[in-house]
Amino acid sequence: MQAIIDWVVELMELLGAPGVGIAILLENLFPPIPSEVVLPLAGFTVAQGSLNFVSVFIWSVIGSVVGAYVLYGLGAWLGAERLRRIADWMWLVKASDVDETLAFFSKYGKVSVFFGRLVPGIRSLISIPAGLDRMNLVTFGLWTSFGSAIWNAFLITLGFYLGENWKVVEDYINTYSNIVYAILILIILGFFFYFIRRATKEKAGTPDTTK
């Protein structure tokens, strides 16, 4: 982690606020670079007078949106048809599951993209189903910008007011992340048992009544 901090500091010293944007862009693509380190550190740097708050905020949002569009492109490249073929190949999962998931995302995609940007670990990945669903590019960009603006402003502000104690932000965000991950694991386990039950019923010739 210290190596990441040193690299971000060098980037900000070299490029200023755009360096924060580049760091956040890479954070979207490479999870080992956490926003809960980059943004509070940027806020602390602002408090020292080395950077301007507005510039840091704007560049951080630009970095978030550009990174999100890259992952959107990955989802669009993967495509629903290729994902259906993968689902048919996988154990327990069907092509119809992909269709149901995309139908859900078509209905709740805007909300998912917005709130997804506020959840560590999901912030980047939420862009992939948006690409799979081919969400309108402008709509995707707007909701990504709104969610990213809230998250980025929150972390930059914390770093600004905490000063030299900016590193405590990571501890609190990690606690928040662990709670979110625990909930996600429970949801995944729920789906896993649902798929097993469905496969068992189909093998026995019993209609699936769980839907």
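Where is I62 placed in this structure? Hi everyone, let's start there. Keep in mind that we are looking at a predicted model. I62 sits in helix α4, which covers residues 53-78.

How accessible is I62? Its relative accessible area is 37%. Buried means under 20% and exposed means over 50%, so I62 counts as partly exposed. I62 also has company on the surface: together with V54, I58, W59, V66 and V70, it forms a nonpolar patch. The accessible area of these residues together is about 480 Å².

Now, on to helix α3, residues 35-47. Does its length agree with or depart from what we should expect? With 13 residues at 1.5 Å a residue, α3 should span 18 Å. The C-alpha atoms at its ends are 18 Å apart, so the two values agree.

Is α3 mostly covered or mostly open? It is mostly covered, as 12 of its 13 residues are buried. Among them are V37, V38, L39 and L41, along with F44 and V46. The buried residues also include S35, E36 and T45, so have a look for those in the model. After α3 comes G49, and its phi is positive, near 90 degrees.

My last stop is R134. This residue lies in the loop between α7 (127-132) and α8 (137-162). The phi of R134 is positive too, near 55 degrees, and here the residue is not a glycine. Is R134 buried or exposed? Its relative accessibility is 55%, and the cut-off for exposed is over 50%, so R134 counts as exposed.

Thanks for listening, everyone!

Technical notes. Residues numbered from 1 in each chain as written. Predicted model: local features only at pLDDT ≥ 70, side-chain atom pairs only at ≥ 80, totals over all residues. Heavy atoms only, no water. Patch = residues over 30% accessible without salt bridge, like charges linked within 9 Å, V, L, I, M, F, W, Y side chains within 5 Å. Areas by Shrake-Rupley, 256 points an atom, 1.4 Å probe, with all protein chains shown as cover. Salt bridge = Lys/Arg side-chain N within 4 Å of Asp/Glu carboxyl O. Helix = DSSP H or I, 4+ residues; strand = E, 2+ residues; numbered from the N terminus. Buried < 20%, exposed > 50% of the residue type's maximum accessible area, 1.4 Å probe, protein only. Expected span 1.5 Å × (residues − 1).
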